[in-house]
Amino acid sequence: MPEELASGKLILDEPAEAVARLRIANPEKRNALDHEILDGIAETLPRLDRGIEIRCVLITGTPPVFSAGYDIGSIPDQSFERDAEALVAHPFHAAIEKIASHPWPTIAAINGHCLGGGLELAVTCDLRICAAGARLGMPPAKLGLVYGHTGLRRFLDVVGLARTKELFLTGRNYEAARAAEIGLVHELAADDDLEGHALDLATEVAGNAPISMRGNKHAIELLNAHPMLSEQHEQALVALRESCFASDDFREGIRAFAEKRKPNWTGR
């Protein structure tokens, strides 16, 4: 049964084997990210690291919007400076870091417009599948906001220097096809097929070898964070690769491939 979190503004369910889905459910505010939702994400991601029981996390929104970003529109003028900065500095940062550091693959199913902090949340996920009718954009230039450096770094990692400048200096909203062209999203799906396609992708990812998924994700993140590896990092990555050869799952994967059957992963 779905679990309601954040006063019902975040819904957790498990729609397929080894797949957990978090749905932002704040439609009255276009799925804007408030304190409760962000705290709910930060608290829930660690709960979903349960051995090989959950091997992929899918994050989406309640139609017709993925997320309009930070919920700062209702903050009163007299406390705006303090409360707006506090929202971005703590609960948003904490939620994003929990997504970024989650050891299993994460997928953003962008079911509708995805703006500002909502786009950073999506970009933080490992993979992004997007409804063809969605629009994506970063509006800080239209709002007078200097974006946080950790968020800017995520966009630099995903779309590079030139496109990050384009996103943040023009403040344009991109059609989904254009977002795919510049690498903001990996796949497009028809609006009415997005949920099914996203679940198919999550199921495909979750069906892969647990040791491989965790190990490769960790190695990729480490290499991206440290282009010049220290001797310690190099040794750790070599040890990580060598460890798979002694695993039961590697032998099972080889046997299953030869026998043309679905592997029975154990995570060992």
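A surface patch, as the word is used here, is made of residues with over 30% relative accessible area and no salt bridge, and nonpolar side chains are joined into one patch within 5 Å. The structure treated in these exercises is a predicted model.

**Exercise 1. The nonpolar patch**

Find which residues make the nonpolar surface patch, and place Ile-254 in its element.

Solution. Begin with the members of the patch, which are Phe-245, Phe-250 and Ile-254, and which together give an area of about 300 Å². Then look up Ile-254 in the secondary structure, where this residue is found in helix 10, the helix of residues 248-259.

**Exercise 2. The sheet of four strands**

Work out which strands stand at the edges of the open sheet of four strands, and describe what surrounds strand 7.

Solution. First write down the order of the strands, which is 5-7-9-10, with mixed pairing. Strand 5 (65-67) and strand 10 (173-175) each have a single partner strand, so one side of each is left without a neighbour in the sheet, and these two are the edges. On average, and with direction ignored, neighbouring strands here are turned by 15 degrees against each other.

Next take strand 7 (residues 113-115), which runs parallel to strand 5 and is joined to strand 5 by two bridges. Within this pair, Ser-67 stands opposite Cys-114 of strand 7. Finally add helix 3 (residues 117-124), which packs on the sheet and touches strand 5, strand 7 and strand 9 (135-137), while the direction of the helix makes about 95 degrees with that of strand 7.

**Exercise 3. The sheet of seven strands**

Determine the edges of the open sheet of seven strands, and say in which sense strand 8 and strand 11 pair.

Solution. The order to start from is 1-2-3-4-6-8-11, again with mixed pairing. Strand 1 (3-5) and strand 11 (187-189) are the edges, because each has a single partner strand and therefore one side without a neighbour in the sheet. Neighbouring strands of this sheet are turned by 25 degrees against each other on average, direction ignored.

For the second part, strand 8 (residues 127-131) pairs with strand 11 in the parallel sense, over three bridges, and Ala-131 stands opposite Ala-189 of strand 11.

**Exercise 4. An aromatic pair**

Classify the pair of Tyr-70 and Phe-92, and explain which parts this pair ties together.

Solution. The structure holds four aromatic pairs, and one of them is formed by Tyr-70 and Phe-92, with 4.8 Å centre to centre and 90 degrees between the planes. Since planes over 60 degrees apart count as edge-to-face, the pair is edge-to-face. Tyr-70 lies in the loop between strand 5 and helix 2 (80-100), and Phe-92 lies in helix 2, so the pair ties together parts that are 22 residues apart in sequence.

Notes: Residues are numbered from 1 along each chain as its sequence is written. This is a predicted model: local features need pLDDT of at least 70, side-chain atom pairs count only at pLDDT 80 or more; totals for chains, interfaces and linings use all residues. Side-chain values use heavy atoms; hydrogens and water are left out. Two strands pair if DSSP finds at least two bridges between them. Axes are lines fitted to C-alpha atoms, for helices over the stretch in contact, and angles run from 0 to 180 degrees between N-to-C directions. Contact means heavy atoms within 4.5 Å. Patches are made of residues with over 30% relative accessible area and no salt bridge: like charges are joined within 9 Å, nonpolar side chains (Val, Leu, Ile, Met, Phe, Trp, Tyr) within 5 Å. Accessible areas come from the Shrake-Rupley method with a 1.4 Å probe; for residues, only the protein chains shown count as cover. A salt bridge is a side-chain nitrogen of Lys or Arg within 4 Å of a carboxyl oxygen of Asp or Glu. Rings of Phe, Tyr and Trp (its six-membered ring) pair if their centres lie within 6.5 Å; planes under 30 degrees apart count as stacked, over 60 as edge-to-face and the rest as tilted.
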